[in-house]
Amino acid sequence: MILLEWVLASEDGMKRTTVKLADGRELIYFDSREDADRTALDRRPLELAAPSSEIRRDRLRGEYVGYAAHRQSRTYHPPADQCPLCPSRDDRLSEIPAADYDVVVFENRFPSFSGDLGRCEVVCFSSRHDGSFADLTPDQAALVLHAWTDRTAEFAENPAVTQIYAFENRGAEIGVTLAHPHGQIYGYPFVTPHTERALAAVAEHKRATGGANLYDDLLAEERADGSRVVLATDHWTAFVPYAARWPFEVHLYPNRRVPDLRTLDEAARAEFPAVYLDLLRRFDRVFGPDMPPTPYISGWHQAPFRGIGDEARADFALHLELFTIRRGPDKLKYQAGSESGMNVFVSDSLPEAAAARLREVATA
């Protein structure tokens, strides 16, 4: 049986169609055209999905660890003609029943968190197997932003989800097991350690300064200094942080502080595609014209939905963090003894030099 839910987003004309896959998981098509046919059935003989996960707390670190043993059997580097993220065509059946699509989001078949312990989804940016996010047009990138925002809004209503992280891993060096251009959305059932530390720093700065916001001050300082700014527009600023950990690391902030994607204003939303595509294309040129695509991790940091209070949510600043583990044309930055054992990073390059190089390779 197939369930269809047709929703026309009145603010931008984008259409959302929800269907059920053969094992009961949810899949959502996001289209910028009204004539897209989304009635195709999932013809695979799948058993009902029943993933299980567990969470344990490390009392010494004060951090949670997730366990998902079923992920051992997930799809691993399939040949292109067996990619589960390509559209279903003829007798080649995939996770996407339609013969073509713009942007698709579906429940992960092998989730890290599920049920009462969160939710995990896959976001397919394009039906093209050999493309990348950087190859998208601004309109296509806007549709992905629309999907991220839609899912953020829905996750926010899920009592099992405390915080959402929409991210993309790109490149085999990062550990990606599917080459098709895609990202993921994790709905964690707790506040992540990264965010806990940031919230503590924001609260301490507010106390010490009598009310100033740390995110606002950092952004203003970077814009005033300029040596680490990669690009600045009317609504966005991208900079290499003063204490960057990775060889090339860029943080992208809207110039007006908001806690999550739902509250991003229309002007910033309209400008985002061109800005983000510019950054991704710079990353692909940073090591020279003959190098393969740069591996990277890119993710949206959003305020937790619950568990931190309204004041802390309002003080948080939505931003995107983009970084690569490649430190040279043929060298990777490994998290070895100091980084992995003690979480103390040592970088081989200065942030100012990285920012200068990213400015040099600006989109022509």
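1. How many cavities of 30 Å³ or more does a search of the whole structure find? The model under discussion is predicted, and the search of the whole structure gives 4 such cavities; the two that follow are the largest and the second largest, and a pocket is taken up afterwards.

2. The largest cavity, with a volume of about 50 Å³, has a lining made up of Tyr 215, Asp 216, Leu 219, Tyr 253, Pro 254, Asn 255, Arg 256, Arg 257 and Ala 317. Helix 3 (214-225) and strand 12 (248-254) each contribute at least two residues to this lining, and helix 3 gives the most, with 3 residues. By residue class, the lining of the largest cavity comprises 5 nonpolar, 1 polar and 3 charged residues.

3. For the second largest cavity the volume is about 40 Å³, and the residues that line this cavity are Arg 245, Trp 246, Pro 247, Arg 327, Lys 333, Val 346, Ser 347, Asp 348 and Ser 349. Here the division is into 3 nonpolar, 2 polar and 4 charged residues, whereas the lining of the largest cavity has 5 nonpolar and 3 charged residues.

4. Turning to the pockets, the second largest has a volume of about 430 Å³. Its lining consists of 23 residues, of which Arg 25, Ala 49, Ala 50, Pro 51 and Arg 109 are the closest to the centre of the pocket. Sorted by class, the lining of the second largest pocket holds 9 nonpolar, 7 polar and 7 charged residues.

Terms used
Residues are numbered from 1 along each chain as its sequence is written. This is a predicted model: local features need pLDDT of at least 70, side-chain atom pairs count only at pLDDT 80 or more; totals for chains, interfaces and linings use all residues. Side-chain values use heavy atoms; hydrogens and water are left out. On a 1 Å grid over the protein atoms alone, a cavity is a set of points where a 1.4 Å probe fits but cannot get out, and a pocket is an open set with protein on both sides within 12 Å along at least five of seven lines; lining residues have an atom within 4 Å of a point. Grid points are joined across faces, edges and corners, and a volume is the space filled by probe spheres set on the points. Ala, Val, Leu, Ile, Met, Phe, Trp, Tyr, Cys and Pro count as nonpolar, Asp, Glu, Lys and Arg as charged, and the others, Gly among them, as polar. Helices (H or I, at least four residues) and strands (E, at least two) are DSSP runs, numbered from the N terminus.
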